[in-house]
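Visitor: I am new to this structure. Please take me through one part of it up close.

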Amino acid sequence: MNGPQLNELPDDSEHLAPFVSCLRGRAVLAGGLSGVRTFSNGFLLKFLRARDFDVELALKLLLNYQTWRKESPEISKCLSPSSVLGLLYTSYHAVLQQRDHTGSRVLIYRIGQWSPKDWSAFQVFQVSLMTSEIISTETETQRHGLKVIFDLKGWSLSHALQFSPFLARKISSVLSDSFPLKVRGIHLLNEPMFFHPVFTMIRPFLSEKIRQRNMEERVLA
C-alpha cells in the first residue's frame, strides 16, 4: 500500500499501526525529544500523513517541529486565543467553512484589518500558528492540506516595517519543513508594488515546491 492509499485510511486502521510504531521508535533513538513515548498515535499520524507515510521524512519533520518550538519561545509559548483576542475580533483571519474542490482547508488573511499600531507581526504570526495547530488535528486537512489566501488590500509601509529577516525566517521555516501540514498553495490578492520587498525577503527560505506553486498562482492571477 503506497502513501496516498495509506492517507485515506482511518486513524485506527491496523495498516497504520506499524508506521506509527516505527516513527515512535525512530524518534526515541534520535534523542533530544522529551516525552516521545507519551506522544499520542493521532499526534504522530499528523507527521506521517504530512510526508505520505515516509517514516524518515516524517521523523525529520517531527524533529524540526520540536526544535522550532523550543528555539522560538517568543512565539510558541503564547499560543492561547486570549492573548490575541482583540485581533481575532477584527476579522483579520478566517478559516472558510467550505473546503476547496480538492478537499484542502482554505485560510484567508485580510491585511487591511490588521493595525500595526495595535498588533505586532509576532502576534499576527501567533494567530496563524494557533489556527494551524487546530486544523492540523482534522484528518481531512492532514490528507488534503491547506491553501492560503492573503488579501493585501490596505497593505501599507507600517505593515512592511513590521517585517525583518529574523521574522521572515521564522515564518518560512514553518511553511517549509517544520509544521505537519501540506501547504498546497499561497494566493496573493490585491498585491501592491511595495509588498515585493517583503515577499523577496521571505521567498528564499521557502521550499522549491512552495515557491513553484506560488509562482504558478501569480502567473494565473
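Guide: Here is a close look at helix 3 and its surroundings, followed by helix 7. This is a predicted model, where local features need pLDDT of at least 70, side-chain atom pairs count only at pLDDT 80 or more, and totals for chains, interfaces and linings use all residues. Residues are numbered from 1 along each chain as its sequence is written, and side-chain values use heavy atoms, with hydrogens and water left out.

Helix 3 covers residues 41-50. Helices here are DSSP runs (H or I, at least four residues), numbered from the N terminus. The axis of helix 3 comes within 10 Å of the axis of helix 2 (residues 17-30), and the two cross at roughly 90 degrees. That makes helix 2 roughly perpendicular (65 to 115 degrees) to helix 3. Helix 2 brings Phe19, Val20, Leu23 and Arg24 to the contact (heavy atoms within 4.5 Å). Helix 3 brings Asn41, Leu44, Leu45, Phe47 and Leu48.

Glycine 42 also sits in helix 3. Its relative accessibility is 35%, so glycine 42 counts as partly exposed (between 20% and 50% relative accessible area, 1.4 Å probe, protein chains only). Threonine 139 is 97 residues from glycine 42 along the chain, yet their C-alpha atoms are separated by 9.2 Å.

Now helix 7, residues 121-135. From first C-alpha to last, helix 7 reaches 21 Å. Of its 15 residues, 12 are buried (under 20% relative accessible area), so helix 7 is largely enclosed by the rest of the structure. Among the buried ones are Phe125, Met130, Glu133 and Ile135.

Technical notes. Axes fitted to C-alpha atoms, helices over the stretch in contact; angles between N-to-C directions. Parallel < 35°, antiparallel > 145°, perpendicular 65-115°, else oblique. Expected span 1.5 Å × (residues − 1).
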